[in-house]
Amino acid sequence: MNVVIVESPSKAKTINRYLGSDYRVVASYGHVRDLPPKDGSVRPDDDFAMSWQVDGKSQKNIDDITKALRGATQLYLATDPDREGEAISWHVQQLLEDENALQGVDVKRVVFHEITKTAVLEAMKHPRELDESLIHAYLARRALDYLVGFTLSPVLWRKLPGSRSAGRVQSVSLRLICEREAEIEKFIVDEYWSIEAALTNAKGVPFAARLTHLNGEKLDRLSLSDKAAADAALAAVRANGYRVSSVENKTVRRNPSPPFTTSTLQQEASRKLGFSASQTMQVAQRLYEGTEINGETVGLITYMRTDSVTLSKEAIAASRSLIAQDFGDNYVPATARVYKTKAKNAQEAHEAIRPTNIHLRPKDAARSLDDAQRKLYELIWRRTVASAMESAVLDQMAVDLSDPNNKVVLRANGSVVKFDGFYALYQESQDDKASDDEKDRRLPALTKDEAVTLSDAKAEQHFTQPPPRYTEASLVKKMEELGIGRPSTYASILKVLQDRDYVRLEKRRFTPEDRGRLVIAFLENFFKRYVEYDFTADLEDQLDEVSDGSVDWKKVLRDFWSSFSQSVGETKDLTITQVLDALDVDLGAHFFPPDETGSDSVARACPACAAGRLNLKLGKFGAFIGCSNYPECRYTRQFGVPGEEEDPELADLASGPRILGQDADTSLDVTLRKGPYGLYVQLGEQEPKEKGKKAPPKPKRVSLTKTIPPSTLTLETALRLLALPREIGDHPDTGQKIVAGIGRFGPYLKHGPAYCSLGPDEDILTIGLNRAVVVIAEAKTKGRGGGGRELGEHDGKPVSVRKGRFGPYVKCGKVNATLPRDADMDEYTLEEAIALIQAKIEKVAAKKDAPAKKKPAKKTAAKKKAAPKKKPVKKAAAKKKPAAKSEPAKVEEAASGTN
């Protein structure tokens with residue numbers, strides 16, 4: 001028996017069919033172990049020794065592999081054909097060796113770049129040993145990411161409370177977004193005008209031209225800076241007749257773009273399909289692993305993590321054959337196009353992303369694919385085929401029109417597609433390209449010295465625009481240009497930035513949150529070298545050199561750690577005042593925009609006391625803006641530019657509660673107050689605790705909902721809030737009461753024992769029975785909070801993925817299992833859900849079967865006296881607690897492990 005290891009169960013089933021009954025293909029389910037999220041997992045003082053941890057789910061997968069190896073003589077490690085795949089194979093082999101499961105078993109590595117029967121069988125004929133250079137490159141990247149995350153993040157927590165984490169590539173990517181936002185804020189808008197003329201040639205055919213020269217001088221974009229200048233230019237244009245002074249014709253060839261690499265696929269899928277980088281990679285993974293076509297499961301595209309633009313000879317030949325068949329011989333170049341990779345060290349996958357079968361047209365594959373798969377497959381197919389097609393040929397024409405004195409010159413541009421070539425199938429989209437209709441205009445026939453007639457002319461006002469915010473596509477492109485990160489890691493980097501609330505994606509463009517800007521300002525002031533683009537790119541180049549065996553991986557780590565640890569040590573004596581001063585210099589203009597005179601005194605004036613000056617402050621829960629007259633003035637506000645989200649009528653709450661009136665039943669004051677988590681109403685005051693007695697009960701408080709504007713809050717509304725929860729009525733189907741209230745997580749409905757959250761547009765005070773029944777029904781269908789999705793069945797029970805109060809989870813009958821942190825609930829599959837459910841069932845069963853722990857016998861009085869005294873625990877030890885916060889410290893950790 002031969003055993004083959006791959007990552008996913010779906011891939012395992014497909015490959016097992018190809019190999020037959022002499023092979024057993026088992027899934028590792030991705031990485032089987034990782035560095036534990038705690039200090040000491042990478043030890044620089046011990047020559048960068050690493051400790052690895054296998055979680056319960058991964059241990060089960062290793063146990064399954066161990067069982068499969070009983071009686072086997074050959075183990076083939078067939079994980080993905082890149083650095084991460086090599087690492088997974090290495091981890092699997094190491095764990096099996098530790099369990100003595102490889103005695104008498106020959107271990108080989110096989111790689112294939114597409115999941116087709118031909119490719120898999122061919123790969124099995126050429127096994128090899130594990131590539132140590134790739135493994136070392138993985139270890140170096142993993143160690144670097146760990147050391148940066150677990151060393152730099154605690155510095156942020158201490159010196160900049162409220163920060164989540166920092167990372168080797170994550171932080172540099174965040175810097176790009178923050179710098180672009182700063183450019184936009186500093187941008188000064190300029191007014192300018194253009195003059196457009198409408199003309200006709202001698203035959204009366206109309207065309208358009210624009211003013212390029214006035215009074216014999218060439219105009220630049222800002223030459224006509226106001227209406228007066230524009231009106232003078234317009235008068236000069238209208239006062240003259242024109243002749244053709246020059247005609248320039250040229251033929252231009254447009255060549256097709258090369259086939260997709262990982263980064264260009266992410267960019268184009270973002271532009272054309274609106275896919276995020278993560279979604280693109282998830283859909284591509286499913287296309288790579290395969291689907292059933294004509295009764296056979298086959299992978300539809302080659303491996304999707306690659307820097308290469310080359311195609312195999314077979315793929316080129318198939319493309320040329322299809323082009324001749326579908327478009328004609330004139331669309332096939334005389335010589336086949338061969339693309340060469342420009343990347344310094346292309347990913348280990350040796351081909352571009354292409355269809356495994358060029359002749360499987362999108363319309364034929366569509367019936368076997370979901371909508372996202374269909375769109376992405378068609379995009380890849382079109383790009384691949386177009387890359388092998390003939391160039392497009394355009395005739396371009398530029399005509400200058402002059403007045404008799406050559407003082408006023410107009411220019412007309414136009415072009416005509418003479419031969420569409422690859423345009424017939426595909427054209428690459430562009431990022432943030434200025435609209436330019438001139439190139440698409442078609443000009444009539446014009447000859448030199450020909451007289452033309454001016455029909456009309458008009459002046460148009462414009463304003464210069466700041467540089468646009470980054471889209472996912474343009475950010476990935478910029479990162480690739482700078483050499484920051486590697487294409488296989490871009491998706492996880494962008495996801496981490498959003499998960500950490502450092503940036504938000506609005507209208508498909510990245511805007512930095514204030515938290516993100518604070519982190520970057522801190523790093524640029526105190527760790528500048530480690531967020532520099534050149535430094536990060538140079539380190540990536542060194543890691544690439546490790547992967548090809550030309551540099552020792554531990555030397556790279558030593559060189560980095562010696563300077564990095566020193567920089568961290570220099571921040572130990574850094575005071576909060578120094579941090580605030582540095583942040584104020586960098587971000588003062590953002591939080592307190594200066595007026596036309598350049599003064600920020602108005603923006604910094606405290607709206608509560610009028611005498612204080614607003615500054616950045618650091619508190620237990622993070623940074624905020626507060627008054628310099630604290631504690632006399634307790635005015636604070638969350639981050640944001642003044643006036644954006646702040647209600648000036650609430651400034652009085654900084655100095656104390658606002659009395660709305662008295663409750664008629666209790667004669668207690670009803671007040672509106674501002675707490676650390678927002679606004680709330682309160683009945684009465686907190687009574688002081690008397691010595692030796694129990695603490696008195698807290699006064700009733702209820703949070704103010706988003707549907708109630710605080711500036712219009714009345715006593716009547718406040719009393720209705722304080723009276724919650726309220727009964728709405730009986731459910732028409734169950735007869736159980738429906739209750740509305742406000743809890744820890746916001747407004748809710750309670751139906752019997754079940755709760756469901758109310759959306760932000762629902763009014764807790766006015767929602768009626770009919771609407772409540774609908775909300776409860778929708779919550780039951782979609783899962784808590786909405787967003788549920790049925791996946792299929794398991795053991796006769798429906799399996800669904802839902803969004804819960806504490807995150808997404810899968811449900812099968814009465815069993816619930818939380819999704820892994822990096823999983824996307826919209827892309828989660830039935831196979832993954834079943835594995836998660838099964839692991840949860842086994843975990844619960846193991847706990848039940850475990851013997852109960854015996855309670856220690858109580859000590860007698862004599863034994864108590866004889867017992868040695870325990871040494872007092874030093875209070876300083878308690879300061880180590882933040883290190884246990886593994887989630888923020890696991891900087892940029894994703895499937896690739898190289899963020």
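**Entry 1: the hairpins near residue 800**

I began at lysine 811, and I found that it stands opposite asparagine 816 in strand 32. I note at the outset that I am reading a predicted model. Stepping back to the strands themselves, I saw that strand 31 (residues 807-812) is joined by four bridges to strand 32 (residues 815-818), and that these two run antiparallel. The hairpin they form has two residues between the strands, and I noted that glycine 813 takes a positive phi near 65° there.

I then looked at strand 31 together with strand 30 (residues 797-804), and I counted six bridges between them, again with an antiparallel run. In this pair, glycine 804 stands opposite glycine 807 of strand 31. I reminded myself that strands of a sheet pair through backbone hydrogen bonds, either parallel or antiparallel.

**Entry 2: a sheet of four strands**

Next I looked up an open sheet whose four strands come in the order 25-26-27-28, with antiparallel pairing. Which strands stand at the edges? I found strand 25 (726-730) and strand 28 (754-757) in those places, and because each has a single partner strand, one side of each is left without a neighbour in the sheet. Going from one strand to the next, I recorded a twist that averages 25°.

For a closer view I followed strand 27 (residues 746-751), which pairs with strand 28 in the antiparallel sense over four bridges. Within this pairing, I noted that lysine 750 has tyrosine 755 of strand 28 as its bridge partner.

**Entry 3: strand 5 and its neighbours**

I turned to strand 5 (residues 74-77), and I asked which way its side chains point. Gln74 and Tyr76 point one way, whereas Leu75 and Leu77 point the other way, and I noted that all of them are buried. This agrees with what I had been taught, that in a regular strand the side chains alternate between the two faces of the sheet.

Strand 5 is joined to strand 1 (residues 2-6) by four bridges, and the two run parallel; here I found valine 3 opposite leucine 75. Four bridges also join strand 5 to strand 6 (residues 106-109), once more in parallel, and in that pair leucine 77 has arginine 109 as its bridge partner. I then traced the chain through strand 5, helix 3 (residues 83-98) and strand 6, which together make a right-handed β-α-β unit.

**Entry 4: helix 2 against helix 3**

Since two packed helices are described by the angle between their axes and the distance between the axes, I looked up both values. Helix 2 (residues 56-68) and helix 3 pack at an angle of about 70°, with their axes 11 Å apart. Angles of 65 to 115 degrees count as roughly perpendicular, and I therefore describe helix 2 and helix 3 in that way. Their crossing is right-handed, and the contact is made by Ile62, Ile65 and Thr66 of helix 2 and by Val92, Leu95 and Leu96 of helix 3.

**Entry 5: isoleucine 195**

My last stop was isoleucine 195, which lies in strand 7 (residues 191-200). Is isoleucine 195 buried or exposed? Its relative accessible area is 2%, and buried means under 20%, so I entered isoleucine 195 as buried. Leaving aside neighbours within four places in sequence, I found isoleucine 195 in contact with several residues, including Leu211, Leu224, Ala230, Val237 and Lys458. I also checked the spacing to alanine 230, 35 residues apart from isoleucine 195 along the chain, and their C-alpha atoms are separated by 7.5 Å.

Technical notes: Residues numbered from 1 in each chain as written. Predicted model: local features only at pLDDT ≥ 70, side-chain atom pairs only at ≥ 80, totals over all residues. Heavy atoms only, no water. Buried < 20%, exposed > 50% of the residue type's maximum accessible area, 1.4 Å probe, protein only. Pairing = 2+ DSSP bridges. Right-handed = clockwise from strand over helix to strand, strands pointing away. Contact = heavy atoms within 4.5 Å. Axes fitted to C-alpha atoms, helices over the stretch in contact; angles between N-to-C directions. Parallel < 35°, antiparallel > 145°, perpendicular 65-115°, else oblique. Left-handed = near helix turned anticlockwise from the far one by under 90°.
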